[in-house]
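Open the model in your viewer and show side chains as sticks. This tour follows the aromatic rings.

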Amino acid sequence: SIPARIGGGGIGNIAATAAAGLHAQGYLQKLFVSSNRQTLIPEKSVAQWGLFGRALKYAGARDPTGLLYFLESTLFDAWVAALLPAADIFHGWNGACLRSLRRAKQLGMQTIVERASSHPWTNIRLLREEYARWNVPLRLPQWHQPRLLTELQTADYITIPSLFVRESMLAAGHAPAQLLEIPFGVELDTFTPPASQPAARPFRAIFAGQISIRKGVPYLLEAWKAARLPQAELWLVGALAHDFAAIKHRWDDVPGVTYLSYAARLVELFQHSDVFVFPSIEEGSALVTYEALACGLPILTTPNAGSVARDQQDGLVVPIRDVEALRAGLATLYEQPVLRRDMSRSARQRAEMFPWTRYQQQLCEAYRRIAHA
């Protein structure tokens, strides 16, 4: 169950891929969603919340207090719990499945919670620190925090996408046996390297995602400013978050920086770039890092991005908040085209290890282990 539009992008696409893999194996009994935009799973297997739920979700996404989002998640959970059929396993999305978990346990099911970000304690600590560092008022609604924690404590298992998330869970006291680490995937036929070598152009680094404090964009701009790379461009692709918009003026005079809206032509933008830079402070496992690897881009990132990129092979992995390490990484990749070429080849090969079919297979294998435990 997930209070999202399945097949509608973001977590909805992840959930749709997971459910489609389960359906293909004959494992999926019922999928509970806000709305449905996919076609691989038959309608009879999908329960949609309806117009009320979609209207509440639309309003909640625009509510800065977070209260409507909390109300939506709570009501969605109650709806799922009321309709939950008997089965072997219940799998819910963290923040919207507490009643469902408890009902599933009453029905004798094994229970799983999907946690796509770091542990809530790690998440909130890192964000509090960042907002304080950049002197931006903290606007992080806490309505759902107790629910997030209780669900994680209630579930028999927790699916997680990366080593960074695993470490945050272990630090919070969760047992290793409770954690099911299953990396995400990428559409390898969609995200591909350029068919030919580009014409002469400036060196180009690209960031893609929400342009925000959480994504480490201020550190990237500080590093870019310090690097002073001749004939070089930095493309920041994505929507401007309110928190970063409040401090954006600090870097308005930094040369070579271009802001672009997040568009369907992301593949094209990747194919016209040399390096992908993603210095995120907190993620689960950012899909955009898989997509950049698949396009053959060396990655300059942090451990907290949850990327599958290997340091010194597919790119460079540097500590969070380290402007000097980011600057040095940019300079290294700028100054060494042979290294970029080798890392580009390695990046594509690494991405080919993570097709979405692998994600589906690993999820099904986890279900089989749990059902026969």
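Keep one cut-off in hand: a residue is buried when its relative accessible area is under 20%. The model is predicted.

Start with W134. Its relative accessible area is 10%, so W134 is buried. Next, select W251. W251 is buried too, at 3% relative accessibility.

Now show F76. At 0% relative accessibility, F76 is buried. Return to the two tryptophans and put a centroid on each ring. The centres of W134 and W251 lie 5.8 Å apart, with the planes at 70 degrees; the pair is therefore edge-to-face. Where does each partner sit? W134 is in the loop between α5 (120-133) and α6 (145-154), and W251 is in the loop between α9 (242-245) and β10 (257-260). The pair therefore ties together parts that are 117 residues apart in sequence.

Zoom out. Across the whole structure, a search finds 15 aromatic pairs. Select F76 and W79 for another of them: the ring centres are 5.5 Å apart and the planes meet at 50 degrees, so this pair is tilted. Colour helix α3, residues 67-83. F76 and W79 are three residues apart in this helix, which means about one helical turn separates them.

Add F32 and W49 to the selection. Together with F76 and W79, they form one aromatic cluster.

Last stop: K248 and Y259. What sits over the ring of Y259? The charged end of K248 does, 4.7 Å from the ring centre.

Definitions and conventions: Residues numbered from 1 in each chain as written. Predicted model: local features only at pLDDT ≥ 70, side-chain atom pairs only at ≥ 80, totals over all residues. Heavy atoms only, no water. Phe/Tyr/Trp six-rings, centres within 6.5 Å; stacked < 30°, edge-to-face > 60°. Helix = DSSP H or I, 4+ residues; strand = E, 2+ residues; numbered from the N terminus. Buried < 20%, exposed > 50% of the residue type's maximum accessible area, 1.4 Å probe, protein only. Lys NZ or Arg CZ within 6 Å of the ring centre and 35° of its normal.
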